[in-house]
Amino acid sequence: MSDTGHSSPRDAVSAGNERLNAGDDLMIQKPIRSKLAAQHGRSRHRATPARLHVPWSGSGGLEDIKLALQQLTLRSHTSTSTYSSVSAGSESSEPAIIRLMRHSSLETINTNVTSADEFVWVDSHNRLVELQHLPWSNHCILRVLQSGRCKEHMARVSVETIPRLSYLLQRALVRMGRETQRLSSTLGICTKHDITISFRIVLCPPLADSCIKACLRAAAMLAVSGDCTLKQSKSSRAGLQMQVGRFHRWMKDVNLTRFIHEYAAVYLCAGIENLLEEILLQCLPSDSDVNLTATLLEHAIANNGDLWGLLQPYAHLNAGRIASGALALPRWASVSSVSSGRDSGRSAAPPETSLMTTCVGSLQELQDLIGRMKPRIPLCPKAISTLFYFMRCSQLEHGDQGNSSAVQELCYERAYVVLPPLVEWLRVATAHGEHRFAAILDKDDIMQAARLLLPGVDCPVRALGEEAVRVRRNNGNEEDQVEATKQIQ
């Protein structure tokens, strides 16, 4: 600096460099301090998220907002929160290091459900899949109702009922598609036999019999038409209003199996078309002056034991009950699950108490109930033991043993409203036995029935060739039977 008090250009440059260096040192120290503070904060309370780093310069604008949204999205998808019941006690005087050493295995697990997507997954995991593309349209639904058995009642059906019927019918289609996919997965081919058994597994006996008759009628008409009418579609040749080609295309799109027989698509199309008519006929108001609206349709389904469980959005089939939770005996319950013949059960049905039993207290009680119902395909002892495992009630069991004091159970029992009656157990298990033409129901048939009827139960697909068969001794005694397991390698 000169004596006059004015700084030279060289001094000004050197002073400016010193100020820049000092500013750089401060800028370097600030991130280090913030980093140390963030680490200290995380050690104090692990559930507190780190402070959001702002990536923009602060000038504002659309680009800055986009960058902020992208950073929030990435942070939410890559969140590594370890908040749990152990680390929740941030007010505790216990040091964080000691707590981490004591509960190190718990702190490594992400138990904090903070994302709404996780709640959606938990809820949707127990629900049926909603189809994006249906093999029919609302116009197809209307055409079926106007040309079939319901044409005389179409004047009483409001317009808003048609799309609601289409929406509810997809749930029945998903259920039958899931069962068909499991039945046909072992051989890799979907046949009309698989479709028939799927109807018997999912639908109650009256609806299953009606749909199967419609399938047989459509297949017979298609076969009788011959090659002289090849210019017509399969739907017109089979006497159907829905398009068989769309159903065949849908079965391939959802990957039911590798090969789908043409008659399988005809059976599925005819059965769904007949089921639509049955739903409408059962839901029509008894008063001829009242029109069927969407609200009355829902009310009629809620009070119908044959339809309510079928058309619910839940993955398990809540069969044998209505919306209030009360048990409802299906029509012709003995046709497909009880008695030795399909028609003999209509005249002499077992007592209603045996059919609607939901839980038992002992294995002997269950054996007595099954003996009174006389199922067409008998159950082996292992199948009865497996069925008792799902129908066992601890309160009844301890009551039969004479224990007056309450017994503490180590697990919660299933709610009464989700327990299927015994007639549904036998119906579904018998249908699985019919699929492989079995002479006796084994443990796997009961497991397949539990997978369908109970929530949260799953089991693998039955392996090909594994079945329990009845083997009769050489003395010819019909009561002298032993169990054997035969596996085709």
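1. Phe437 is found in the loop between α19 and α20 (443-453), and in this predicted model Phe437 has a positive phi of about 55 degrees although it is not a glycine. The value deserves a remark, because most residues other than glycine have a negative phi. With a relative accessibility of 68%, Phe437 counts as exposed, since the cut-off for that class is over 50%.

2. A second residue to be read alongside this one is Lys374, which is placed in the loop between α16 and α17 and comes just after α16. Lys374 is not a glycine either, yet has a positive phi of about 55 degrees. Lys374 also counts as exposed, at 57% relative accessibility.

3. The helix that precedes Lys374, α16, covers residues 363-373, and its buried residues are Leu366, Leu369, Ile370 and Met373. Seen down the axis of α16, these buried residues fall within an arc of 95 degrees, so they line one face of the helix. The spacing can be read against the general geometry: an α-helix has 3.6 residues a turn, so residues three or four places apart point the same way.

4. On the aromatic side chains, a search of the whole structure finds three aromatic pairs. One of these joins Tyr389 and Phe390 in an edge-to-face arrangement, with 5.2 Å centre to centre and 80 degrees between the planes. The partners differ in their surroundings, in that Tyr389 is exposed, with a relative accessible area of 62%, whereas Phe390 is buried, with a relative accessible area of 9%.

5. Phe390 also pairs with Trp425, and here the arrangement is stacked, with 5.7 Å centre to centre and 25 degrees between the planes. This pair links distant parts of the chain, since Phe390 belongs to helix α17 (residues 381-391) and Trp425 to helix α19, 35 residues apart. Taken together, Tyr389, Phe390 and Trp425 form one aromatic cluster.

6. How buried or exposed is Trp425? Its relative accessible area is 1%, so Trp425 is classed as buried, the cut-off being under 20%. Leaving aside its neighbours within four places in sequence, Trp425 is in contact with Leu387, Phe390, Met391, Pro420, Ile446, Ala449, Ala450, Leu453 and Leu454, a list that includes Phe390, the partner in the stacked pair.

7. Trp425 appears again in the account of the largest nonpolar core, which has 99 residues and in which Met242, Met251, Leu275 and Trp425 are those with the most contacts inside it. Helix α12 (residues 262-283) gives the most to this core, with 14 residues. Domain 1 (138-310) and domain 2 (352-398 + 416-475) both give residues to the core, so it lies between them.

8. The last point concerns a charged residue, Arg427, whose place is in helix α19 (residues 422-435), the helix that also holds Trp425. Arg427 is buried, with a relative accessible area of 4%. Which backbone atom does the side chain of Arg427 reach? The side chain of Arg427 reaches the backbone oxygen of Ile201 at 3.0 Å, a separation that falls within the 3.5 Å cut-off for a polar contact.

Conventions:
Residues numbered from 1 in each chain as written. Predicted model: local features only at pLDDT ≥ 70, side-chain atom pairs only at ≥ 80, totals over all residues. Heavy atoms only, no water. Helix = DSSP H or I, 4+ residues; strand = E, 2+ residues; numbered from the N terminus. Buried < 20%, exposed > 50% of the residue type's maximum accessible area, 1.4 Å probe, protein only. Polar contact = N/O pair within 3.5 Å; in protein donor to acceptor, adjacent residues only side chain to side chain. Core = buried A, V, L, I, M, F, W, Y, C linked by side-chain atoms within 4.5 Å. Domains from an automatic or database assignment. Contact = heavy atoms within 4.5 Å. Arc of directions from axis to C-beta. Phe/Tyr/Trp six-rings, centres within 6.5 Å; stacked < 30°, edge-to-face > 60°.
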